[in-house]
Amino acid sequence: MGIDKESDIAANLQIGPTTMGMVRIYIEAEGVELPLDFEPEEAEEIAEELRAAAEAARGGGVRRKSPKR
């Protein structure tokens, strides 16, 4: 599935700090629990990418390609 393809999959998303000083993005869907931990600096980069994608989705500009992780 590509990033621009529609999906009927529903998921819950939680974001918060961990007791180990990381930022966790926790995704839960049918039979899947996916905890993703990031250093605070990585989380800030992700936040910037989210803001850029939101701006591009509104028609405010072309979204730059993000580096592979």
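**Entry 1: overall fold**

I began with the secondary structure and counted one helix and three strands in the protein. I note at the outset that the model is predicted. Reading along the sequence, I recorded the pattern β-β-β-α.

I then looked up burial for the whole protein: of its 69 residues, 10% are buried. For the accessible surface I noted a total of about 6,200 Å². Carbon and sulfur atoms account for 53% of that surface. I also checked the contacts between residues at least 6 apart in sequence, and 2% of them join residues at least 24 apart.

**Entry 2: Gln 14 and strand E1**

I turned next to Gln 14, which I located in strand E1, residues 11–17. Is Gln 14 buried or exposed? The answer falls in between: Gln 14 counts as partly exposed, because its relative accessibility is 48% and the partly exposed class lies between 20% and 50%.

I listed the contacts of Gln 14, leaving aside neighbours within four places in sequence, and found Arg 24, Ile 25 and Tyr 26.

**Entry 3: Pro 35 and strand E3**

I placed Pro 35 in strand E3, which covers residues 32–38. Its relative accessible area is 43%, and I therefore entered Pro 35 as partly exposed.

Which residues does Pro 35 contact, once neighbours within four places in sequence are left aside? I found Arg 24, Ile 25 and Tyr 26. I compared this entry with that for Gln 14, where Arg 24, Ile 25 and Tyr 26 are likewise listed.

I also took the separation of Gln 14 and Pro 35: they stand 21 residues apart in sequence, and their C-alpha atoms are 9.4 Å apart in space.

**Entry 4: the salt bridge**

How many salt bridges does a search of the whole structure find? I recorded one. Its partners are the side chains of Arg 24 and Asp 37, at 2.6 Å from N to O. The pair links distant parts of the chain, with Arg 24 in strand E2 (residues 23–29) and Asp 37 in strand E3, 13 residues apart. Side chains of opposite charge can pair when their charged atoms come close.

I looked up the exposure of both partners. Arg 24 is partly exposed, with a relative accessible area of 33%. Asp 37 also counts as partly exposed, at 35% relative accessibility.

I add that Arg 24 appears among the contacts of Gln 14 and among those of Pro 35.

**Entry 5: the acidic patch**

Last, I examined charge on the surface. I found a patch of negative charge where Glu 39, Glu 41, Glu 42, Glu 44, Glu 45 and Glu 48 gather.

I followed up one of these residues, Glu 45. I located Glu 45 in helix H1, residues 40–57. Its relative accessible area is 42%, so I classed Glu 45 as partly exposed. Why can Glu 45 be admitted to a surface patch? Its 42% relative accessible area is over the 30% that patch residues require.

Note on methods
Residues are numbered from 1 along each chain as its sequence is written. This is a predicted model: local features need pLDDT of at least 70, side-chain atom pairs count only at pLDDT 80 or more; totals for chains, interfaces and linings use all residues. Side-chain values use heavy atoms; hydrogens and water are left out. Patches are made of residues with over 30% relative accessible area and no salt bridge: like charges are joined within 9 Å, nonpolar side chains (Val, Leu, Ile, Met, Phe, Trp, Tyr) within 5 Å. Accessible areas come from the Shrake-Rupley method with a 1.4 Å probe; for residues, only the protein chains shown count as cover. A salt bridge is a side-chain nitrogen of Lys or Arg within 4 Å of a carboxyl oxygen of Asp or Glu. Lys and Arg count as positive and Asp and Glu as negative; His and the chain ends are not counted. The place of a charge is taken as NZ of Lys, CZ of Arg, CG of Asp or CD of Glu. Helices (H or I, at least four residues) and strands (E, at least two) are DSSP runs, numbered from the N terminus. Buried means under 20% relative accessible area, exposed over 50%, partly exposed in between (1.4 Å probe, protein chains only). Contact means heavy atoms within 4.5 Å.
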